[in-house]
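Reader: I am new to reading structures and would like to look closely at one part of this one. Please start with the whole chain and then go to the detail.

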Amino acid sequence: MRKKQEGEMGEYLRSEDFVNGKDGQIQLVVDGEIITLYGSQKFKASSTPETSERGQIGTRNKQSKIKGFKNKISITADYWFVQVMTDILKKYKKTGIFPKVDCQCVNNDKGTSLGIMSKVYYDLVPDGDITLQELDESKDEGLTTDATFTFRDWDELEAFKRPSNIGRE
């Protein structure tokens with residue numbers, strides 16, 4: 001790492017590489033059928049490490065070790081997503097077998113130097129309330145619905161490149 005000179009401000013990411021969260025796409029794959037989630041407003045996939053901690057003789061410090069991950073997805077989508085979820089639940093209700101549900105999400109802001117980020121998330125399972133139907137007179141701009149899922153694993157299909165729009169002062 002290069003040492004800063006006195007008075008030097010450093011490097012920073014220029015606004016050309018600020019990623020626009022509107023540029024991308026979300027798709028569910030339900031038993032092999034691709035369903036693009038048109039009208040989606042939010043998507044977030046996260047992985048939270050689960051740790052174990054223990055102390056030992058010879059030190060007063062505790063040590064931690066990762067023992068696994070809790071993976072979660074949250075989606076806010078247009079109200080028609082209620083029908084997608086209803087169809088998934090009907091399959092389970094009729095057969096007792098939950099369909100295989102995967103999800104692919106792509107960030108693709110062509111205005112940046114970063115390129116595309118694309119990941120696929122495997123074996124989604126609903127984790128929380130699932131809206132079956134809703135009426136709300138106060139929603140003049142249109143109804144949306146939220147859904148949360150856990151997922152088993154993920155793969156990166158495409159990765160962002162390092163930013164090239166770097167400012168220096």
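What percentage of the 169 residues in the chain do buried residues make up? And after that, which residues is Asn71 in contact with, leaving aside its neighbours within four places in sequence?

Author: The model is predicted, and what follows describes that model. Buried residues make up 24% of the 169 residues.

The chain as a whole comes before the detail. The chain has eleven strands and one helix. Read from the N terminus, the order is β-β-β-β-β-α-β-β-β-β-β-β, with five strands before the helix and six after it. With a radius of gyration of 22 Å, well over the 15 Å that the globule rule gives for 169 residues, the chain is more spread out than a compact globule. The C-alpha trace spans about 70 × 55 × 35 Å along its principal axes. Of the contacts with a separation of 6 or more, 69% are between residues 24 or more positions apart.

Next comes the sheet to which the strand of Asn71 belongs. Asn71 sits in strand β5. That strand is part of an open sheet of four strands, ordered β4-β5-β9-β8 and paired in the antiparallel sense. The two edge strands, β4 (42-56) and β8 (125-126), each pair on one side only. Inside the sheet, β5 (residues 59-78) and β9 (residues 144-150) are antiparallel partners over seven bridges. One position can be followed across this pairing: Ser74 stands opposite Thr148 in β9. The helix also belongs to this picture, since α1 (residues 81-95) packs on the sheet and touches β5, β8 and β9, and its direction makes about 40° with that of β9.

Now for Asn71 itself. Is it buried or exposed? Its relative accessible area is 9%, and buried means under 20%, so Asn71 counts as buried. Leaving aside neighbours within four places in sequence, Asn71 is in contact with Ser46, Ser47, Phe149, Thr150, Phe151, Arg152 and Asp153. Two of its links are polar contacts made by the side chain. One, of 2.7 Å, joins the side chain of Asn71 to the side chain of Ser47. In the other, the side chain of Asn71 reaches the backbone oxygen of Phe151 at 3.3 Å.

Phe151 leads on to the aromatic rings. A pair of aromatic rings is described by the distance of the centres and the angle of the planes. The structure holds three aromatic pairs. Tyr121 and Phe151 make up one of them, an edge-to-face pair with 5.0 Å from centre to centre and 70° between the planes. Tyr121 lies in strand β7 (residues 117-122) while Phe151 is in the loop between β9 and β10 (153-158), so this pair ties together parts that are 30 residues apart in sequence. Both rings belong to buried residues: Tyr121 has a relative accessible area of 8%, and Phe151 has one of 7%. Phe43 is involved as well, for ring pairs link Phe43, Tyr121 and Phe151 into a cluster. Phe151 therefore appears twice in this account, with its backbone oxygen reached by the side chain of Asn71 and with its ring paired to that of Tyr121, tying together parts that are 30 residues apart in sequence.

Some other places in the chain can be set beside this one. Gln27, in strand β2 (residues 24-30), is one of them. Beyond its neighbours within four places in sequence, Gln27 has contacts with Ile34, Ile35, Thr36, Asp102, Cys103 and Gln104. A polar contact of 3.1 Å joins its side chain to that of Thr36. From Gln27 to Val120 the C-alpha distance is 9.4 Å, although 93 residues separate the two in sequence.

Two loop residues have an entry of their own. Asp31 is in the loop between β2 and β3 (33-36), and its phi is positive, about 50°, although it is not a glycine. With a relative accessibility of 48%, Asp31 counts as partly exposed. Asp123 is in the loop between β7 and β8. Its phi is also positive, at about 60°, and it is not a glycine either. Asp123 has a relative accessible area of 25% and is partly exposed.

To return to the request: Asn71 is a buried residue of strand β5, and its side chain has polar contacts with the side chain of Ser47 and with the backbone oxygen of Phe151.

Definitions and conventions
Residues numbered from 1 in each chain as written. Predicted model: local features only at pLDDT ≥ 70, side-chain atom pairs only at ≥ 80, totals over all residues. Heavy atoms only, no water. Contact = heavy atoms within 4.5 Å. Polar contact = N/O pair within 3.5 Å; in protein donor to acceptor, adjacent residues only side chain to side chain. Pairing = 2+ DSSP bridges. Axes fitted to C-alpha atoms, helices over the stretch in contact; angles between N-to-C directions. Phe/Tyr/Trp six-rings, centres within 6.5 Å; stacked < 30°, edge-to-face > 60°. Buried < 20%, exposed > 50% of the residue type's maximum accessible area, 1.4 Å probe, protein only. Rg over C-alpha atoms; globule rule 2.2 N^0.38 Å.
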